[in-house]
Amino acid sequence: MQRVVVVGGTHGNELGGIYLCRKWTPAPRYWQNYPFAVETYLANPKAIDLNQRYVDQDLNRSFRSADLANPDLSSYEAQRARLIASDLAGADFIVDLHNTTSNMGLSLIFSGTDSFGDPLIRQLCAHLVQSEPLVHVYHMPVPAEINPYLPSLGQRELTLEVGPMAHGTLRADLFFKTEKLVQTLLDYLADWARGEAHTYQGELTIYSHVQSLDFPRDANGDLAGMVHPHLYGRDYKAIRNGHPLFVTFEGRELLYQGSEEVYPVFIDEQAYYEKHYALSLTRKVQIPI
Ligand SMILES: [Zn+2]
């Protein structure tokens with residue numbers, strides 16, 4: 001491992017990662033002790049200046065290999081994605097810092113289809129889960145050739161989603177928890193690279209993506225309801241058949257119907273209204289570390 005990159009501002013209004021990268025530029029002195037280089041990188045400067053998610057299109061959906069190879073794509077983010085792909089080429093580990101309006105604590109998100117076939121990823125997750133009670137591991141696999149996410153440029157990738165934090169704002173408690181967790185992660189990677197990492201036994205709990213659900217909508221496609229108050233803020237809490245998901249503006253409840261116990265995440269994420277996602281359902285899985 002030679003090059004680790006901590007990315008902020010992939011979404012220009014997710015201020016936690018942006019200000020952490022700024023705090024860490026220039027690099028803290030103790031990073032010189034790591035057996036690899038660590039860099040910070042602000043991914044979408046124009047959107048950061050505007051304090052908005054993106055300028056033309058979602059940068060964090062702009063990294064499919066076919067799109068990167070297509071010079072005709074001319075939006076600001078498409079051009080930015082090609083530059084970033086060149087800048088970050090060869091990075092051994094990319095940590096992409098995000099914020100969410102959902103109550104997801106500190107979520108470690110992996111998009112590789114075989115992320116957990118990697119012993120370092122399993123051990124790193126075990127280490128981070130035991131370091132901070134708000135940490136959860138979420139696996140949302142996408143085949144490599146159509147993976148649209150920025151950190152997929154790295155040999156290894158991690159998206160850190162921290163919330164609840166309103167977009168365009170900061171929360172001091174979550175800012176410092178993010179800083180501490182990323183430092184813990186870098187320390188563990190350094191120990192691993194030196195062959196000195198503590199290794200864990202037993203099982204790791206992973207929340208594995210099942211599907212995303214849209215809000216109820218009327219015939220015109222407009223919202224017909226909202227996340228139910230009994231679900232709101234309850235990310236990573238189990239629901240079973242009959243649990244309320246939505247309530248219409250008339251007060252009618254819409255219930256979860258399914259035989260399987262599932263764990264909702266990204267509940268009412270503000271940025272996903274445009275994507276027509278109200279929440280995602282996951283399944284809780286135990287894997288051997
Ligand atoms: Zn984001």
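Rings of Phe, Tyr and Trp (its six-membered ring) count as a pair if their centres lie within 6.5 Å; planes under 30 degrees apart are stacked, over 60 edge-to-face and the rest tilted. By this rule there are 13 aromatic pairs. The rings of Phe-215 and Phe-246 have centres 6.0 Å apart and planes at 50°, so this pair is tilted. Phe-215 lies in the loop between β7 (203-213) and β8 (225-227), and Phe-246 in strand β9 (residues 244-248), 31 residues apart, so the pair links distant parts of the chain (helices, H or I, of at least four residues and strands, E, of at least two are DSSP runs numbered from the N terminus). Both Phe-215 and Phe-246 are buried (under 20% relative accessible area; exposed is over 50%, partly exposed in between; 1.4 Å probe, protein chains only).

The model is predicted: local features need pLDDT of at least 70, side-chain atom pairs count only at pLDDT 80 or more, and totals for chains, interfaces and linings use all residues. Residues are numbered from 1 along each chain as its sequence is written, and side-chain values use heavy atoms, leaving out hydrogens and water.

Ring pairs also join Tyr-138, Phe-266, Tyr-272 and Tyr-277 into a cluster.

The largest nonpolar core (buried Ala, Val, Leu, Ile, Met, Phe, Trp, Tyr and Cys residues joined through side-chain atoms within 4.5 Å) has 43 residues. Helix α6 gives the most to this core, with 9 residues. Leu-108 and Phe-116 have the most contacts inside the core (contact: heavy atoms within 4.5 Å). Not counting residues up to four places away in sequence, Leu-108 touches residues including Leu-128, Tyr-138 and Leu-181.
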